[in-house]
Amino acid sequence: MRFLLVSLPVFLLTSLACADVADLAGAPVFDCAKPPDNRVRVTPRDLVQAFSENLVQAEATYGGGKVLEVVGEASRVTRDDEGAFIGVRSGPLGKGKVQAYFPDANATAFGAVQEGQQVTVLATLRSGKSTEKRITLTSACLVAQ
């Protein structure tokens, strides 16, 4: 009995720690080959507008683990301190950026993407990290066009 009392908390802590590491690493939270039917289709412009009007409401609408399907024009393909990402154009320069970060497992898929190319990205919102000027999506993958 004593073994169970000690083991259960250790198991729970270990499970939570693993989930946190996966979230931080941007590990895929859905199967890109079979995306969920209830994904939310949204344009980059609509995301930027929602975040500029009411950030809290935008996080409630698009966050919470929902899979977003973002269709738009690739503005850049690059890497920063957080990893590899595709910027998806949301309007004229300086009007907000949608950045879809790809876990290493999915990053090779966008090697051929060029600026100006139409892309469809599946991803989740990184809650607490987005602003009206930069919307951060994680666990991203590309849908073949």
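1. Strand E4. Of the 6 residues of E4, 5 are buried, so this strand is largely enclosed by the rest of the structure. The model is a predicted one, and the remarks below should be read as a description of that prediction. E4 has two pairing partners to be considered here. With E3 it pairs in the antiparallel sense over 5 bridges; with E6 it pairs in the parallel sense over 4 bridges. On the E6 side, glutamine 99 has threonine 136 as its bridge partner. On the E3 side, tyrosine 101 in E4 stands opposite phenylalanine 85.

2. Strand E3. Burial is also the rule for E3: 6 of its 6 residues are buried, so the strand is largely enclosed by the rest of the structure. Besides its pairing with E4, E3 pairs with E2 in the antiparallel sense, over 6 bridges. E2 and E3 form a hairpin that has 2 residues between the strands. Within this pairing, glycine 83 in E3 is the bridge partner of aspartate 80.

3. The aromatic pair. How many aromatic pairs does a search of the whole structure find? The search returns 1. The ring centres of phenylalanine 85 and tyrosine 101 are 4.9 Å apart and the ring planes meet at 45 degrees, so the pair is classed as tilted. Because phenylalanine 85 belongs to strand E3 and tyrosine 101 to strand E4, the pair ties together parts that are 16 residues apart in sequence. Phenylalanine 85 is buried, at a relative accessible area of 1%. Tyrosine 101 likewise counts as buried, with 6% relative accessibility.

4. The nonpolar core. The largest nonpolar core has 26 residues, of which Leu47, Phe102, Ile135 and Leu137 touch the most other members. Two or more residues come from each of helix H2 (44-53), helix H3 (55-62), strand E2 (67-80), strand E3 (83-88), strand E4 (97-102), strand E5 (118-125) and strand E6 (134-142). Such an arrangement may be set beside a general tendency: in soluble globular proteins, nonpolar side chains tend to be buried together. For leucine 47, once neighbours within four places in sequence are left aside, the contacts are Val42, Tyr62, Val70, Val98 and Ile135.

5. Glutamine 49. This residue is found in helix H2. Is glutamine 49 buried or partly exposed? Its relative accessibility is 41%, so it counts as partly exposed. Its side chain makes a polar contact of 2.8 Å with the side chain of glutamate 53. The C-alpha atom of glutamine 49 is separated by 9.2 Å from that of serine 90, which is 41 residues away along the chain.

6. Serine 139. A backbone feature in strand E6 deserves attention: serine 139, which is found in that strand, has a positive phi of about 55 degrees although it is not a glycine. The residue is buried, with a relative accessible area of 4%. A colleague checking backbone angles will wish to look at this position.7. Overall architecture. The secondary structure of the chain comes to 4 helices and 6 strands. In sequence order, these elements follow the pattern α-β-α-α-β-β-β-α-β-β. The chain has 145 residues, and 37% of them count as buried. Among contacts with a separation of 6 or more, 65% are between residues 24 or more positions apart.

8. Confidence. The average pLDDT of the chain is 76, and 77% of the residues score at least 70. Which elements have the lowest and the highest mean pLDDT? Helix H1 (residues 2-25) has the lowest, at 36, and strand E1 (residues 40-42) the highest, at 95. Over residues 1-26 the pLDDT is below 50, and this stretch has 4 contacts in the model beyond near neighbours in sequence.

Technical notes. Residues are numbered from 1 along each chain as its sequence is written. This is a predicted model: local features need pLDDT of at least 70, side-chain atom pairs count only at pLDDT 80 or more; totals for chains, interfaces and linings use all residues. Side-chain values use heavy atoms; hydrogens and water are left out. pLDDT is the predictor's confidence in each residue, from 0 to 100. Contact means heavy atoms within 4.5 Å. A nonpolar core is a set of buried Ala, Val, Leu, Ile, Met, Phe, Trp, Tyr and Cys residues joined through side-chain atoms within 4.5 Å. Buried means under 20% relative accessible area, exposed over 50%, partly exposed in between (1.4 Å probe, protein chains only). Two strands pair if DSSP finds at least two bridges between them. A polar contact is a pair of N or O atoms within 3.5 Å; within protein, one must be able to donate a hydrogen and the other to accept it, and residues adjacent in sequence count only if both atoms are side-chain atoms. Rings of Phe, Tyr and Trp (its six-membered ring) pair if their centres lie within 6.5 Å; planes under 30 degrees apart count as stacked, over 60 as edge-to-face and the rest as tilted.
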